[in-house]
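Dear colleague,

I am handing over the structure below, and after it you will find my notes on what turned up. Please read them alongside the coordinates.

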Amino acid sequence: MGSGLTPDHKHSCPADVLVEGWERGKPATFDITVTSPLCPAFLGEASQMAGAAALATETQKHIANDKRCQELGWSCVPIAVETYGNWSQEAKQTFSRLASHLATDSSQPKSKVIADLYGHLNLTLMRAIASSQSFQANRTVYLELFIGADGNVHFTG
């Protein structure tokens with residue numbers, strides 16, 4: 001699966017996925033990033049609050065990308081997760097919205113779709129970390145989300 005960015009946009013706005021019509025017809029860039037609460041820059045806050053590294057990374061992504069995304073008419077949606085599995089608030093909101101759409105499309109309860117979504121994402125994250133001897137915080141993991149013939153949410157990646 002590609003990023004969905006056209007060749008003209010590939011280097012103009014960092015993003016892993018471009019989603020057309022995400023909010024009020026406006027495209028959104030999903031910038032997926034993994035961070036560690038053990039990173040020295042986050043360690044103090046992360047020792048006091050679960051998810052602090054994901055929140056700080058989410059904020060950094062907005063600072064770095066919002067202006068350029070706004071110029072292109074896009075929304076910037078950072079999806080940050082910590083290596084221990086804590087997701088940023090914006091990621092949680094995005095997954096909830098995505099689960100609502102998938103639940104409607106699949107006639108599955110939203111609670112089941114969101115549980116499948118987090119289950120698959122966390123498994124993919126664990127596999128990515130395990131497969132890398134020296135996991136890097138800026139490593140990108142690409143996922144393709146679809147609803148199978150069985151009505152369940154599935155991922156490839």
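R24 counts as exposed, because its relative accessibility is 78% (exposed means over 50% relative accessible area, buried under 20%, and partly exposed in between, with a 1.4 Å probe and protein chains only). Its side chain meets that of E23 in a salt bridge, 3.0 Å from N to O, where a salt bridge is a side-chain nitrogen of Lys or Arg within 4 Å of a carboxyl oxygen of Asp or Glu. E23 is partly exposed, since its relative accessible area is 33%.

Before going further, please note that this is a predicted model, in which local features need pLDDT of at least 70 and side-chain atom pairs count only at pLDDT 80 or more, while totals for chains, interfaces and linings use all residues. Residues are numbered from 1 along each chain as its sequence is written, and side-chain values use heavy atoms, with hydrogens and water left out.

A search of the whole structure finds four salt bridges, and two others among them deserve a description. K61 pairs with D31, the closest N and O atoms being 3.4 Å apart; this pair links distant parts of the chain, with K61 in helix α2 and D31 in strand β2, 30 residues apart. K61 is partly exposed at a relative accessible area of 22%, whereas D31, at 5% relative accessibility, counts as buried. K112 and D116 also form a salt bridge, at 2.9 Å from N to O, and both lie in helix α4 (residues 110-131), four residues apart, about one turn of the helix.

Strand β2 (residues 26-35) also holds V34, which counts as buried because its relative accessibility is 6%.

As for the overall layout, the protein has four helices and five strands (DSSP runs, H or I of at least four residues for helices and E of at least two for strands, numbered from the N terminus), and from the N terminus on they run β-β-α-α-β-α-α-β-β. Of its 157 residues, 39% count as buried.

On confidence, pLDDT (the predictor's confidence in each residue, from 0 to 100) averages 78, and 72% of the residues score at least 70. Among the elements, helix α2 (residues 52-72) has the highest mean, 92, and strand β4 (residues 144-147) the lowest, 52. Over residues 137-143 pLDDT stays under 50, as is the case over residues 1-7. Where pLDDT is low, the predicted coordinates should not be read in detail.

With best regards

Note on methods
Contact = heavy atoms within 4.5 Å.
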